[in-house]
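The following exercises are to be worked with the sequence and the coordinates at hand. Each consists of a task and a stepwise solution.

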Amino acid sequence: MSSPAMTTADASMARFEQQTTRYGSLTMTAGLILSLLGPIYLVFFTDLDISPSMIWVAFAAVAATFGIFWFVEPLTYFPILGSAAMYQAFMIGNISNKLLPAAIVAQSAINAKPGTRRGDLASVMAIGGAATVHLTSLLVFVGIFGSWLVSIIPNDMIEVARIYILPSLMGAVLVQAIVAMKQVRPTIVAIVLSLTMYFVVIPLVPSLALFGTALVVLFSIIVSWIVRDRKAVHTPVAD
Amino acid sequence: MHFPLAAGDPVSTDIWAVANSPFLWFCALGVFAVIFVQTILYVRAAKAAAPHVDMPVREVKEAFRAGAVASIGPSLSVVLVAIALLALFGTPAVLVRIGLIGSASTETASANLAAQSMGSMLGGDTYTQQVFAVAFMAMSLSGGMWMLCTLLLTPVLKRGGKSLAKRNPAAMALIPTAALLGAFSMLTIAEIPKSSIHMTLVLISAASMALFLFLAKVLQAKWLKEWALGFAILISITAGYLMHTA
């Protein structure tokens with residue numbers, strides 16, 4: 001099991017994980033601080049008469065709705081992203097509508113499966129590529145030309161982009177994910193579970209709507225494991 | 001260090017007067033710089049590791065390019081939505097909160113909840129500089145909690161994943177695939193009941209992708225696999241535009 005080639009692979013992946021954990025947590029901490037400095041400046045250094053209670057009440061209102069996602073989203077996306085990409089994804093944002101699709105496209109372009117070493121490296125590179133495009137287009141189209149573009153882009157177009165981008169994206173991404181994974185049983189399990197969740201469980205127990213995606217992810221893992229193809233062979237080093 | 005106390009007017013509805021202040025620009029550009037630095041460090045680390053796991057440099061570059069190309073469509077849609085929200089939040093807050101870290105739907109909803117907690121609403125006559133600052137603070141704190149949880153949970157999950165990989169490699173091979181398929185089935189199916197146009201667009205987008213992937217295979221056109229997502233989004237959103245304005 002421990003041929004010299006594998007040891008090199010193990011060692012370099014270990015180094016990769018060590019480096020990305022260090023760089024990732026440092027940059028994310030810096031991003032966290034910078035993202036808070038702006039509003040702190042407005043609240044404390046601008047003459048806006050803001051009392052601490054206003055902030056706490058507003059924060060409580062937001063936390064009551066989204067607080068659960070602070071925990072659930074990292075848990076949901078970790079198995080897909082792997083540890084290195086976690087630090088990228090939760091700082092760059094737009095995870096399900098941009099970063100994950102980019103990672104799937106990249107993995108399928110080089111025929112790598114998620115969770116494998118090649119898959120992890122491919123998604124880190126893909127998120128790097130996506131971040132480069134995204135930061136550049138934001139800086140240029142929003143940062144520099146934003147206030148000019150807002151005056152010339154027809155309202156219709158912005159409305160259509162806002163309302164219809166998700167259905168236009170998700171159908172294609174789901175097909176690409178299914179084709180790239182080539183895993184019949186988990187595909188059927190995932191689709192059946194989603195349909196059940198959306199059309200049976202949530203109408204019966206509406207309060208579960210917030211956890212819908214997380215629950216489907218969890219049960220897709222469990223049920224796919226139960227109905228797995230037991231003839232498939234897996235070596236300890238999955239790649 | 002001495003900050004000039006900026007002139008704010010709690011009851012003014014001129015949001016841009018405070019929202020576009022130089023210090024906010026400085027912080028927003030700072031977040032951009034941090035992500036650029038992170039990207040460079042990560043790409044370097046991945047390039048160094050790749051050759052040792054049977055991943056030639058060609059594939060590393062291909063993965064970067066594929067990610068870049070695939071994100072053009074989604075990025076432009078984020079740009080369009082961000083532009084629409086400039087009036088509400090000013091450029092720096094839109095860049096950081098909508099463009100990066102969060103997403104348009106989460107952050108707008110957070111800001112609205114915060115505004116409501118002050119008896120106001122986004123964009124109305126009661127949406128003053130004071131309400132904006134509180135909303136910006138609340139959405140930034142909430143976004144900060146996401147990052148904090150990621151920072152705290154990732155090392156724990158990583159240890160869990162490692163020990164699972166040792167004890168049960170078959171499970172480690174299956175979990176990411178099942179999780180990914182589960183997430184995207186649910187995200188897709190959630191779009192279908194929203195309206196008949198939504199349903200049609202999901203089908204158009206899925207069918208376009210199937211067609212492009214089929215063509216890419218038959219014609220052995222690898223580039224088409226990378227561009228397929230962008231084309232599918234373009235076709236589907238154009239159809240959406242036609243149906244919406246019809």
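**Exercise 1. The interface of the two chains**

Task: Determine how many residues of chain B are in contact with chain A, and characterise the interface by area, polar interactions and composition.

Solution.

Step 1. In this predicted model, 147 residues of chain B contact 152 residues of chain A.

Step 2. The two chains bury about 13600 Å² between them, and 80% of that area is on carbon and sulfur atoms. Within the area that chain B buries against chain A, Y42(B), W146(B) and M186(B) contribute 6%, more than any other three residues.

Step 3. Two salt bridges are found across the interface of chain B and chain A. One of them joins R118(A) to E59(B), with the closest N and O atoms 2.9 Å apart. Polar contacts across this interface link 20 residue pairs, both residues of each pair being at pLDDT 80 or more.

Step 4. On the side of chain B that touches chain A, helix α6 (residues 129–167) of chain B provides the largest share, 26 residues. By class, this side of chain B comprises 101 nonpolar, 35 polar and eleven charged residues.

**Exercise 2. A residue of helix α6 of chain B**

Task: Establish whether T154(B) is buried or exposed, and state which residues it touches.

Solution.

Step 1. T154(B) lies in helix α6 of chain B.

Step 2. The relative accessibility of T154(B) is 1%; because buried means under 20%, T154(B) counts as buried.

Step 3. Leaving out residues up to four places away in sequence, T154(B) touches F78(A), S83(A), M86(A) and Y87(A) of chain A, together with C149(B).

Step 4. The side chain of T154(B) also reaches the backbone oxygen of T150(B), at 2.6 Å.

**Exercise 3. The domains and their contact in chain B**

Task: State how each chain is divided into domains, and describe the contact between domain 1 of chain B and domain 2 of chain B.

Solution.

Step 1. Chain A is assigned domain 1 (4–168) and domain 2 (183–239), whose centres, taken over C-alpha atoms, are separated by 25 Å. For chain B the assignment gives domain 1 (7–165) and domain 2 (168–246), with C-alpha centres 25 Å apart.

Step 2. Eleven residues from domain 1 of chain B and nine residues from domain 2 of chain B take part in the contact.

Step 3. The two domains of chain B bury about 880 Å² between them, 65% of it on carbon and sulfur atoms. On the domain 1 side, V69(B), L164(B) and A165(B) lose the most area to domain 2 of chain B, together 49% of what that side buries.

Step 4. The count between domain 1 of chain B and domain 2 of chain B is one salt bridge. The side chains of E226(B) and R65(B) form a salt bridge, at 3.3 Å from N to O. One residue pair is in polar contact across this domain interface, both residues being at pLDDT 80 or more.

Step 5. The elements giving two or more residues to the domain 1 side are α3 (57–70), α4 (72–99) and α6 of chain B. Of these, α3(B) gives the most, with five residues. This side has seven nonpolar, two polar and two charged residues.

**Exercise 4. Loop residues**

Task: Locate D49(A) and D54(B), and state what is found for the phi of each. Then decide whether V53(B) is buried or exposed.

Solution.

Step 1. D49(A) is in the loop between α1 (4–45) and α2 (52–92) of chain A. D54(B) is in the loop between α2 (22–49) and α3 of chain B.

Step 2. Most residues other than glycine have a negative phi. D49(A), however, has a positive phi of about 55 degrees, and the phi of D54(B) is positive as well, near 60 degrees.

Step 3. Exposed means over 50% relative accessible area, so D49(A), at 57%, counts as exposed. D54(B), at 66%, likewise counts as exposed.

Step 4. V53(B) belongs to the loop between α2 and α3 of chain B. With a relative accessible area of 5%, V53(B) is buried.

Step 5. Apart from neighbours within four places in sequence, V53(B) is in contact with A9(A), M13(A), R117(A), R118(A) and L121(A). R118(A) is also the salt-bridge partner of E59(B).

How values were computed:
Residues numbered from 1 in each chain as written. Chains lettered and ligands numbered in written order. Predicted model: local features only at pLDDT ≥ 70, side-chain atom pairs only at ≥ 80, totals over all residues. Heavy atoms only, no water. Contact = heavy atoms within 4.5 Å. Buried area = accessible area lost by both parts, 1.4 Å probe. Salt bridge = Lys/Arg side-chain N within 4 Å of Asp/Glu carboxyl O. Polar contact = N/O pair within 3.5 Å; in protein donor to acceptor, adjacent residues only side chain to side chain. Helix = DSSP H or I, 4+ residues; strand = E, 2+ residues; numbered from the N terminus. Nonpolar A, V, L, I, M, F, W, Y, C, P; charged D, E, K, R; others polar. Domains from an automatic or database assignment. Buried < 20%, exposed > 50% of the residue type's maximum accessible area, 1.4 Å probe, protein only.
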